[in-house]
Amino acid sequence: IAFLMSPDVTYADEFNARNCGWPLLLSPEGPANFQGPDDAARYWIMPFDTMRYRAMTLRGTYPHLRYFAIAAYEVVDKGSGYDFEVGDPLYDAEINPDQGANPFVRPGGSNGTYTVEISRGDFQSAARARTVPKGVPSNRITVTADLVWIVLRAYVPDADASLSGQSLMGGVPLPTITLTDYNGVPDELETCSPINKWSDLMALGRHLFPPEIDLPVDEGTPSSNRLWFASPKKPPGNLWPNADGKYLMMLPGNEYQDGRVIVIRGKAPGFPDTFNGSAIWNPARSFRSVDMRYWAMCNMNLTWPPSVVACATDLTTRLQGQEYTIVVSDDRQRPDWLRPNVNWLPWGDVQYQKFVVLRNILPSAEFPHDAE
């Protein structure tokens with residue numbers, strides 16, 4: 001399968017006509033549902049034109065949620081098309097505070113503030129130098145491409161009854177974005193409102209999944225009752241691969257088989273119940289350890305662009321002890337013949353092939369059964 005970029009779409013302005021901060025959001029709802037962010041995840045996206053700006057500075061408050069990370073995806077010309085290259089992201093526990101505490105690092109504490117700089121080559125803006133107190137390590141990502149996508153991932157925000165409108169961001173505003181040009185002049189952007197302008201979202205979709213690319217996958221009909229999960233050798237760059245996350249995938253065949261269901265059984269890894277206020281190092285009830293930060297099983301449409309049908313996340317999956325059973329069927333709603341402790345995922349639109357994805361994020365070094 002070839003994942004190539006459209007060579008005539010290479011400038012940040014084409015994806016951010018209003019020149020504001022965080023113009024794009026990928027989520028499981030509505031037209032933003034492509035590339036398969038699962039039910040508990042949101043990806044805020046900002047294009048960065050390094051031909052025009054030397055640095056992008058993000059200033060934010062640590063959010064109240066399970067996991068967040070900032071990554072830079074570089075668009076690289078491969079001669080016959082464009083591809084993504086991703087460097088190491090900065091995830092929550094690696095982001096040093098400017099002041100206050102980082103709640104993702106023991107012993108935790110009240111939410112502090114942080115500054116992250118993404119810069120071209122060996123460059124540090126004067127604004128960043130003034131912001132960070134002496135002796136505080138710098139949170140920096142260095143890039144080399146002309147066009148870079150900055151992605152802010154956010155998973156499982158804590159329960160929030162405040163109705164502040166910021167619950168999906170972990171109860172805090174999105175980080176402010178300041179762009180610094182090659183003359184050292186900073187420009188602080190207003191955060192986009194509303195988000196996902198249709199023309200920007202469509203430009204992103206064409207950039208990631210050019211219409212001339214087809215996806216011929218002939219899985220036929222499974223030859224036995226067994227369906228197998230396997231790890232992708234190298235996830236394509238334009239699917240935003242995450243160094244903190246590992247995946248197993250299963251292809252259940254070309255089409256739904258009438259009169260049959262898919263049954264997936266497994267043992268759940270220990271995870272933190274941050275939704276109800278626990279720290280990330282405290283295991284949820286019935287678990288003795290935190291085996292990984294987050295896990296989920298999602299049914300996806302294998303089409304351009306890939307979209308999520310539904311997920312069983314660690315927060316929502318019904319367990320029997322530490323075991324789970326997930327049933328996939330073509331019913332329009334949860335069938336009444338399922339026992340209450342059995343989880344259900346819909347097959348979804350029958351015109352699309354499906355693939356089922358098991359996602360593991362930040363497994364513990366002591367846990368031997370992750371998707372790695």
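Reader: With which residue does arginine 52 form a salt bridge?

Author: This is a predicted model, in which local features need pLDDT of at least 70, side-chain atom pairs count only at pLDDT 80 or more, and totals for chains, interfaces and linings use all residues. Residues are numbered from 1 along each chain as its sequence is written, and side-chain values use heavy atoms, with hydrogens and water left out. A salt bridge is a side-chain nitrogen of Lys or Arg within 4 Å of a carboxyl oxygen of Asp or Glu. The closest N and O atoms are 3.8 Å apart, and the partner of arginine 52 is aspartate 13.

Reader: How many residues apart in sequence are arginine 42 and glutamate 29, which meet in a salt bridge?

Author: The side chains of arginine 42 and glutamate 29 meet at 2.7 Å, N to O. Arginine 42 belongs to strand β2 and glutamate 29 to the loop between β1 and β2, strands being DSSP runs (E, at least two residues; helices H or I, at least four) numbered from the N terminus. The pair therefore ties together parts of the chain whose separation is 13 residues.

Reader: Is arginine 42 buried or exposed?

Author: Buried means under 20% relative accessible area, exposed over 50%, and partly exposed in between (1.4 Å probe, protein chains only). Its salt-bridge partner, glutamate 29, has 43% and is partly exposed. Because arginine 42 has a relative accessibility of 8%, arginine 42 counts as buried.

Reader: Which residue is joined to cysteine 20 by a disulfide?

Author: A disulfide is a pair of cysteine sulfur atoms within 2.5 Å, and by this rule the count is two. For cysteine 20 the S to S distance is 1.8 Å, and the partner is cysteine 192.

Reader: Where does cysteine 192 lie?

Author: The disulfide of cysteine 20 and cysteine 192 is right-handed, with 95° about the S-S bond. The pair links distant parts of the chain, 172 residues apart, with cysteine 20 in the segment before β1. Cysteine 192 lies in the loop between β12 (186-189) and α2 (198-208).

Reader: In which strand does cysteine 311 lie?

Author: Cysteine 311 forms a disulfide with cysteine 298, the sulfur atoms being 2.1 Å apart. Cysteine 298 is in strand β15 (residues 292-302), 13 residues away in the chain, whereas cysteine 311 is in strand β16.

Reader: What relative accessible area does cysteine 298 have?

Author: Its disulfide partner, cysteine 311, counts as buried at 9%. Cysteine 298 is also buried, with a relative accessible area of 3%.
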